[in-house]
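Student: I should like to learn how to read the features of a structural model. May we work through an example together?

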Amino acid sequence: MLEKVISVDLLEVLENGLVQVRIKTAIMEDGKQISGTFHRHVVAPGDDYSKEDARVQAICKATHTVAVVDAYKAAAKP
């Protein structure tokens, strides 16, 4: 039996507050992985993360404080 399993398998928080998210898509056959791919995206301080995985939301909630969001926005100004 083939099964597609999608999971957040790596979370990294950078110094400036960016949260890097790696999503793994595994194709399983009888409980063994036969194929897999990865996709990465970033959640920046101030971004809406309400539709992210629960673990990503928890990390963003703890990391994206008002001070971090303000510092990130200030650093992004030319």
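Student: Which residues make up the largest nonpolar core?

Tutor: In soluble globular proteins, nonpolar side chains tend to be buried together. A nonpolar core is defined here as a set of buried Ala, Val, Leu, Ile, Met, Phe, Trp, Tyr and Cys residues joined through side-chain atoms within 4.5 Å. Buried means under 20% relative accessible area, exposed over 50%, and partly exposed in between, with a 1.4 Å probe and protein chains only. In this predicted model, the largest such core has six residues: Val8, Val19, Val21, Val43, Val56 and Cys60. The elements giving two or more residues to this core are β2 and α1 (54-63). Helices (H or I, at least four residues) and strands (E, at least two) are DSSP runs, numbered from the N terminus.

Student: With which residues is Val8 in contact?

Tutor: Contact means heavy atoms within 4.5 Å. Leaving aside neighbours within four places in sequence, Val8 contacts Val21, Arg22, Ile23, Asp53, Arg55 and Val56.

Student: What conventions and confidence limits apply to such statements?

Tutor: Residues are numbered from 1 along each chain as its sequence is written, and side-chain values use heavy atoms, with hydrogens and water left out. As the model is predicted, local features need pLDDT of at least 70 and side-chain atom pairs count only at pLDDT 80 or more, whereas totals for chains, interfaces and linings use all residues. The term pLDDT is the predictor's confidence in each residue, from 0 to 100. The mean pLDDT of the chain is 96, and 100% of its residues reach 70 or more. Confidence is lowest in helix α2 (residues 66-76), with a mean of 95, and highest in β2, at 98.

Student: What is the order of the strands in the sheet?

Tutor: Strands of a sheet pair through backbone hydrogen bonds, either parallel or antiparallel. Two strands count as paired if DSSP finds at least two bridges between them. Here an open sheet of three strands has the order β1-β2-β3, with antiparallel pairing. The edge strands, each pairing on one side only, are β1 and β3. From one strand to the next, the twist averages 20°. Helix α1 packs on this sheet, touching β1, β2 and β3, and its direction makes about 10° with that of β1. For such angles, axes are lines fitted to C-alpha atoms, for helices over the stretch in contact, and the angles run from 0 to 180 degrees between N-to-C directions.

Student: How many bridges join β2 to strand β3?

Tutor: Eleven bridges join β2 to β3 (residues 32-43). Strand β1 (residues 2-13) also pairs with β2 (residues 19-29) over eleven bridges. Ala26 can be followed across the sheet: Ala26 is the bridge partner of Val5 and stands opposite Gly36 in β3.

Student: Is Asp30, in the loop between β2 and β3, buried or exposed?

Tutor: Asp30 counts as exposed because its relative accessibility is 60%. Its backbone also deserves attention. Most residues other than glycine have a negative phi. Asp30, however, has a positive phi near 50°, in a hairpin with two residues between the strands.

Student: What of Gly17, in the loop between β1 and β2?

Tutor: Gly17 takes a positive phi near 100° in a hairpin with five residues between the strands. Gly17 counts as buried, because its relative accessibility is 3%. Not counting residues up to four places away in sequence, Gly17 touches Val43, Pro45, Thr63, His64 and Val68.
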